[in-house]
There are 2 protein chains.
Amino acid sequence: MSTIKDVAKTANVSISTVSRVLNNSGYTSQDTKDRVYHAVEKLNYQKNLVAAAMISKQTATLGLIIPDIKNVFYGDLTRAVEDTAHKLGFNVILCNTDNDLNKEREYIEFLVQKGIDGIIFSTPEVEDKNIRELVKAKPDLPIILLGSEVDGAKVDQVLVDNFQGAYLATEHLLQLGHQQIGYISGQPESYSTIERQKGYETALKDYGISPSEENIILDEFKVDSGYKNGKKMLSQENRPTAIFAGNDAIGVGVYNAARELGLRIPEDISVVGFDHSLFSEIVYPKLTTIKTPIQEMCEKAVQLIVEIAEDKKNFKETITFEPTLMEQQSTQALSKEVIRKIQ
Amino acid sequence: MSTIKDVAKTANVSISTVSRVLNNSGYTSQDTKDRVYHAVEKLNYQKNLVAAAMISKQTATLGLIIPDIKNVFYGDLTRAVEDTAHKLGFNVILCNTDNDLNKEREYIEFLVQKGIDGIIFSTPEVEDKNIRELVKAKPDLPIILLGSEVDGAKVDQVLVDNFQGAYLATEHLLQLGHQQIGYISGQPESYSTIERQKGYETALKDYGISPSEENIILDEFKVDSGYKNGKKMLSQENRPTAIFAGNDAIGVGVYNAARELGLRIPEDISVVGFDHSLFSEIVYPKLTTIKTPIQEMCEKAVQLIVEIAEDKKNFKETITFEPTLMEQQSTQALSKEVIRKIQ
DNA sequence: GTGAAAGCGCTAACAG
DNA sequence: CTGTTAGCGCTTTCAC
């Protein structure tokens, strides 16, 4: 592979001139430019970005840390992040942590040593101490929290209003006449779980209903978990007539549980999900869900981190996007028939 | 951030000694080692991998080029690749091309300039000329084709026996008595589409049935495409009694189409998918599908590429994994009742 | 406008 | 066993 030296030689200029031409820095005559470009073409020269990075301290690479790319939610998110990064001239290194703090630490260390320009953390747990420590140890490293807050970490954040989303979901069910509304959600340590629970409980209270413990199950944001816990919840004596699932995957699990118990959706049981992922579209009937502007959130997150990396902006901000209710076919008004059955 | 110089100073040795200790190269006394390690700890020193890469020409980074991470199949694949890479001490840069050759070329160029240690291409199209050119331009760059071949590109390959998988799927349906078997699959330019079609047609012929054009539709490997084309195919006069879907996503689309047409699965129509992705497990009834050892394939692919990167092994190999039939609930013997209805 | 030279942080001969 | 030295390929002063 040819280097800048070769280009300089065949263009009959010095390497600094080549550098100037290629980076559009400083003045160069048109004639020199032409000669350099010709040489570049002739030699099929490609800049060695490693060497450039050594001086500029910029690698045009971002780290993206998520729990698990197999989860369709992170598929959507990662795609949006990667697309935006690519548009801005950055690559992204993908890291799956399974919410394992040790794994996360390894990744962080590796990324830092590689001189990446910033790290986007998507939905780490609230107690994530790696992030706290990283912020302290490398205050100049651009960091974005995407989708969740971390206790004691003052960094830029791009969030969705989980409380509001959950409130909308629950209120929708309440307005349909449901009173016994279950909440099946993910990891209790997750920011999303926590915030959504607050929204759920607040909506209930606002409608004069006190949340009861039997109607709340926290486990994992997965289909299996929705299935298992859906079955448990729907087998109760006085079962809920509606379920607010912490995400669409859980919603799908609840569908399967309902089917096995001979309950029809939405006739016998209403279900609301969260995320408006592919899941909500492919199940039958289509899952009513909370739609979050995930695309815009990711774009914003990447724009922000690039901005920080380049401008060293010296203040932290938190941007919160509003979710909306996406009413589809899995919810309907509580019927007298169901009320009779339950009692 | 402290450098090797700082460590050398506080440990009271030369920088080459520090390098030796940290890389375990050459001899160093225990005493020196201790002093260096202490200094490292005291200064919280972290090696600058960019500088190291400049000399070693190794970045411990791999590129993974796929069509679209939103597609659950690539979610599974990417996770397996990333996990294995991580175990071997490599990071992976994710690139989504949407099978767009221009985008792919951009990514390749960028990755090469960044000095990545190898590129894994998952399911590029058969005619992908970027790969052919890359192989010619950079014969020393480790490249693996994962899941599909590319015309005229002699590189290491890790494949699944698509022909055999499709044969198994079709034979399974034939043995259940189905004669009219549809094939709805993905992009006609895709290696998987092509190979699977061959297996499908060969099975038919082996059972004395000649493939007919109306029973074959090639479109995209997506739910929507399965839905749209499933509807088309199942609305025909003399509709198939079974459908072999080119992948699970298409299978899910076919489910939705069948439901809209009032056809029950498997009573009225049998369906077989391909991949054994999450899709096949979450639909009702569970989708009979072809299971591929995707995990092992990805592990092998990464092991291979790392081996090539480190040892410069000078021969190319192709490893083909065998798929198996995963019989679930979406297929059943052709009933007289259905035969009557169709005619 | 252009070239010479220093140096980014590290590795790897080569002496000693 | 350890230190000195010469780069890796590039950017960036600083002269001219």
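This is a short tour of a predicted model, one stop at a time.

Before you start, note that residues are numbered from 1 along each chain as its sequence is written, while chains are lettered from A and ligands numbered from 1 in the order in which they are written. Local features here need pLDDT of at least 70 and side-chain atom pairs pLDDT 80 or more, whereas totals for chains, interfaces and linings use all residues; side-chain values use heavy atoms, without hydrogens and water.

**Stop 1: the two chains**

Show chains A and B together. A rotation of 180° with 0.0 Å of shift along its axis places chain A on chain B, with an RMSD of 0.1 Å; the fit is by least squares on the C-alpha atoms of residues with pLDDT of at least 70 in both copies. This is how a two-fold axis relates copies. To find the axis from chain A, select Ile93(A): its C-alpha is the nearest one in that chain, 2.2 Å away. The copies meet through the same surface, because 100% of the interface residues of chain A are also interface residues in chain B. Contact here means heavy atoms within 4.5 Å.

**Stop 2: aromatic rings**

Over all chains, there are 10 aromatic pairs. Rings of Phe, Tyr and Trp (its six-membered ring) pair if their centres lie within 6.5 Å; planes under 30 degrees apart are stacked, over 60 edge-to-face, and the rest tilted.

Select Tyr183(A) and Tyr200(A). Their ring centres are 5.1 Å apart with planes at 25°, so this pair is stacked. Tyr183(A) belongs to strand β6 (residues 181-185) and Tyr200(A) to helix α9 (residues 191-206) of chain A, so the pair links parts 17 residues apart in sequence. Helices (H or I, at least four residues) and strands (E, at least two) are DSSP runs, numbered from the N terminus. Tyr183(A) is buried at 0% relative accessibility, and Tyr200(A) is buried with a relative accessible area of 0%. Buried means under 20% relative accessible area, exposed over 50%, and partly exposed in between (1.4 Å probe, protein chains only).

Add Phe244(A) and Phe274(A) to your selection: with Tyr183(A) and Tyr200(A) they form one aromatic cluster.

Now move to chain B, where Phe244(B) and Phe274(B) are both buried. Arg196(B) has its charged end over the ring of Phe274(B), 3.6 Å from the centre. A charge sits over a ring if NZ of Lys or CZ of Arg is within 6 Å of the ring centre and within 35 degrees of the ring normal. Back in chain A, the charged end of Lys313(A) sits over the ring of Phe315(A), 4.3 Å from its centre.

**Stop 3: bends in the backbone**

Select Ile265(A) and Pro266(A). The peptide bond between them is cis, with omega near 5°, and Pro266(A) is in the loop between α11 and β9 (270-272) of chain A. In chain B, another cis peptide bond joins Tyr284(B) and Pro285(B), with omega about -5°. Pro285(B) sits in the loop between α12 and β10 (289-291) of chain B.

**Stop 4: positive phi**

Select Asn12(B), which is not a glycine yet has a positive phi of about 65°. You will find Asn12(B) in the loop between α1 (4-11) and α2 (15-23) of chain B. Asn12(B) counts as exposed, at 65% relative accessibility. Finish at Ala60(A), whose phi is near 55°, again positive in a residue other than glycine. Ala60(A) lies in the loop between α4 (49-56) and β1 (61-66) of chain A.
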